[in-house]
Amino acid sequence: MTPPPLFRGALEGVKVLDLSSVVLGPLASQMLADMGADVIKVEAPQGDLARSVGPARHKGMSSLYLSCNRNKRSLVLDLKQPAAREVLDTLVRGSDVLVHSVRTDAAARIGIDAARLLELNPRLVSAHVKGFSDEGPYAGLPAFDDIIQAASGLAQLQSIYTGEPRYMPALVADKTTALYAAYAIVTALFHRERSGQGQAVDVPMFETMTAFNMVEHLWGHTFQPPIDDMVYGSIRSGVRKPFRTADGYIALVPYTDAQWLRFFEVMGRPELREDERFATLAARVRNHTVVFGELERATGARTTAEWVAAFRQADIPAMPIQTLQQLPDDPQLKASGLWHDAEHPTEGTLRFPGVPFTLSATPGGVQRLAPSLGEHTDEVLEEFGFERAAVDALVTAGVVARA
């Protein structure tokens, strides 16, 4: 494997224990790792469940696992064994962050509840990602992405277009909550830099996705008593959608007054510039059915490429509807360097999107690809002060395992 260039990320020197699995926790910790944190993935002997989800060249190295676990090292630790607690305690004392997704009662049984962890290491940021807050009747219920899409109203929102509830064709709840979790952890680390104190961080999926959805969909219920229904107006009416062209579809969003005036010129309907229904943003919101109807009637007259060229010339927001298969060759993504190909020591050439944002002084990056199960067990334990003979004894006892 040709090693990628080294970088000094903003989180260099921050040591993270990642005891989570599947997507939510691992993606959050990968975001920290991309910014330079040393993330140690602590796995059960059978490994993260995501290791078996998706296509794979070798067992335990699936596409989903590879997408959420770069820049990490893997340590196998069987937390069901009492002796494993002593090992974990040593790791906790020498770490800055611990992330886990174990349900609250089970976490207490295996000794990774926040109160105990902060007693071991008062500077620790103990982050618990979970389905539901511990405050309330749903506390402790199991949850995956589909469950949270259903509970948060996201699945029901799709019925506006489909006529029945549908899940979004993406792990929206997992990935969105992962962003919030990474944000919460970094916020807690910032507090620690100022105060020297660690703290418990709880990130529940249900509450997070409800807050996420309600940014626009609380709508008239923003006011109490309500002055209108819930759900963003143009979505509620069903008019907010891609528009059909002569040969495909286009996303088209004239929004400001100036953009609408230019749009009427481009579509060959300059007389609409004087129509009061289209004159202001407030008027367009009130008359959104008529407004979007004009868009729909106009776009069928030309091809997608013709419309895109015309709208870009007029500085009106528009993009063709792209397939996933087109994205690796998208000229913008190529120019901005989002896509990376790298040689994995066991999995061959892998393609993946890199860090999508930039920092001028402390850019993130990819220094290692996702590890095989237990690949770094010896390396990590020796860094935390375990002698090689002690590691051998732990392996013999089945407390830890090597690749």
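Let me start with Arg-51, which in this predicted model lies over the face of Tyr-65, at 4.0 Å from the ring centre. An arrangement of this kind is also found at Arg-302, which lies over the face of Trp-307, with 4.3 Å to the ring centre.

Please keep Trp-307 in mind, since I would like to stay with that residue for a moment. How are the rings of Trp-307 and Phe-311 arranged with respect to each other? Their centres are 5.0 Å apart and their planes meet at 10°, and because planes under 30 degrees apart count as stacked, this pair is a stacked one. Both residues belong to helix H15, which covers residues 304-313, and because they are 4 residues apart there, about one helical turn separates them. As for their surroundings, Trp-307 is buried, and Phe-311 is buried as well.

Trp-307 and Phe-311 also belong to one aromatic cluster, in which they are joined by Trp-260, Phe-263, Phe-264 and Phe-278.

Now, how many aromatic pairs does a search of the whole structure find? The search gives 12 of them, and one I would like to show you is formed by Phe-243 and Phe-292, a stacked pair with 6.2 Å from centre to centre and 20° between the planes. This pair links distant parts of the chain, given that Phe-243 sits in strand E7, residues 243-244, while Phe-292 sits in helix H14, residues 288-299, and the two are 49 residues apart. Are these two residues buried or exposed? Phe-243 is buried, and Phe-292 is buried too.

Terms used
Residues numbered from 1 in each chain as written. Predicted model: local features only at pLDDT ≥ 70, side-chain atom pairs only at ≥ 80, totals over all residues. Heavy atoms only, no water. Phe/Tyr/Trp six-rings, centres within 6.5 Å; stacked < 30°, edge-to-face > 60°. Buried < 20%, exposed > 50% of the residue type's maximum accessible area, 1.4 Å probe, protein only. Lys NZ or Arg CZ within 6 Å of the ring centre and 35° of its normal.
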